[in-house]
Amino acid sequence: MVPITTLHYLVVAAALFVLGVIGVLIRRNVVIVLMSIELILNAVNLNLVAFSRMWGNLHGQLFAIFIVVDAAAEAAVGLGILIAFFRNKETVNVDEIDLLKW
Amino acid sequence: MNLAMNSALNSTINSGMAPVATPWFFYVLAGVAVISGVLVITRRNAVHAALALIVTLLAVTGLYLMLYAPFVAGVQIIVYAGGIMVLFLFVIMLVNIDRSSKERRFNRIWAVGLGAACALLALFVFAFTKGKALFPDRGMPLAEGSNTQEIAKMLYGEAGRMGQYTFAFEIASLLLLVAILGAVIMTKKKI
C-alpha cells in the first residue's frame, strides 16, 4: 500500500475545486452556485491544511480558519442578496438575473 | 487530560511510529467527498444538493483529522455543517423550490463551462505531474503541545504580547459584523 503523501491530498482538493468550478459555470439555480463556491473554498482549505502538515507549522491551519470566516460572511451576504432579489423578481435562476445587463 | 492525550499523540508522531489511520481511510474519505461533490452539482432538488454538500464537508473533516488538524476539523463541523448549511437550508425553504425543480438544471451554454473546467483540470494534471518533486513524501514533525493551544497562541498571543495573527483576527471579527449587518439590511422589506 502506497503511503499517503501531500500530493494525494492535492489531487483530492483539485478534484473538488474543478467540481465547484463546473457547478458555478453550468448550474442555473443561484443557491447551488453558492454551494459550489463553498465547495471551492473547501478545496482551498484542504490544500492549506495539507501544506501546513507538509511544512510542519500551523500557518496553513490559521489561514484555513480565516477562510472559514470569509465563507460564513460570503454565504450570509450572498443569501441576503438572493432573498432581496427573489422578493423583486420571483426567480432564482442566474440567466434571468440580468437587470444590470445592457 | 485532553492535553496529555494530545501531546502523547504528537510524541507518537514525532517518534516516527505509523499513525493510526491507514491509507484505506484516505481513499474512502476522498471517494465520499468527490462522489457527493458530483451529487451537489447534478441534483435537481436544491435540498438534496445541500445534503450532499454536508456529506462532502464531513468527509473533508475526516481528511483534516488525518492531517492532524483537529481544531480546523472542529471549526469545519461547527461553522460549516452546523451554521452555513442551516442558513442554506433556510434560504432554500424561503425561495420556492417547486418551480425550479421543474425547470432546466443547466445553462444554455453549459458545454462551454464544462470545456473550461476540463481545461482547468488538464492544467492541474500537468502541474502535478511536472511538479511532483516539489512535494516531499513525508510530512515534517509538528510542534510539541496541543494543536488547539498552539493555534490560540498564534491568534491571541501569549504572555501579554500580541500574536502574529491578532490583528487579522480583529479584522475578521469586523468583517463578520459588516456581513451580519449587510445580510439583515438586505433582507428587510423596507429600509
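Which residues in α2(A) meet which residues in α2(B)? The exercises below use a predicted model.

**Exercise 1. List the residues that meet between α2(A) and α2(B), then classify them.**

Step 1. On the chain A side, the residues are Ile32(A), Met35(A), Ser36(A) and Leu39(A). Their partners in α2(B) are Gly37(B), Val40(B) and Ile41(B).

Step 2. Sorted by type, the residues of this contact comprise 5 nonpolar and 2 polar, with no charged residue.

**Exercise 2. Describe how α2(A) and α2(B) are arranged relative to each other.**

Step 1. A pair of packed helices is described by the angle between the axes and the distance between them.

Step 2. Helix α2 of chain A covers residues 30-55, and helix α2 of chain B covers residues 23-42. Their packing angle is about 155°, and the axes are 9 Å apart.

Step 3. Angles over 145 degrees count as roughly antiparallel, and α2(A) and α2(B) are therefore roughly antiparallel to each other.

Step 4. The handedness of the crossing of α2(A) and α2(B) is left-handed.

**Exercise 3. Work out the make-up of the side of chain A that touches chain B.**

Step 1. The contact involves 63 residues of chain A and 71 residues of chain B.

Step 2. In chain A, the elements giving two or more residues to this side are α1 (6-26), α2 and α3 (59-89). Of these, α3(A) gives the most, with 20 residues.

Step 3. By type, the chain A side has 47 nonpolar, 11 polar and 5 charged residues.

**Exercise 4. Check the length of helix α6 of chain B, and state how far the helix is covered.**

Step 1. The helix runs over residues 110-130 of chain B, which is 21 residues.

Step 2. The expected span is 1.5 Å times one less than the number of residues, so α6(B) should span 30 Å.

Step 3. The end C-alpha atoms of α6(B) are 30 Å apart, in agreement with that value.

Step 4. As for cover, 1 of the 21 residues of α6(B) is buried, and the helix is hardly covered.

**Exercise 5. For Glu90(A) and Tyr68(B), give the phi value, the location and the exposure.**

Step 1. Most residues other than glycine have a negative phi. Glu90(A) has a positive phi, near 55°, and Tyr68(B) also has a positive one, about 60°.

Step 2. Glu90(A) sits in the segment after α3 of chain A. Tyr68(B) belongs to the loop between α3 (46-66) and α4 (70-94) of chain B.

Step 3. A residue is exposed with 12 or fewer other C-beta atoms within 10 Å, and buried with 20 or more. Glu90(A) has 11, so Glu90(A) is exposed. Tyr68(B) has 21, so Tyr68(B) is buried.

Note on methods
Residues numbered from 1 in each chain as written. Chains lettered and ligands numbered in written order. Predicted model: local features only at pLDDT ≥ 70, side-chain atom pairs only at ≥ 80, totals over all residues. Axes fitted to C-alpha atoms, helices over the stretch in contact; angles between N-to-C directions. Helix = DSSP H or I, 4+ residues; strand = E, 2+ residues; numbered from the N terminus. Parallel < 35°, antiparallel > 145°, perpendicular 65-115°, else oblique. Left-handed = near helix turned anticlockwise from the far one by under 90°. Contact = placed C-beta atoms within 7 Å. Nonpolar A, V, L, I, M, F, W, Y, C, P; charged D, E, K, R; others polar.
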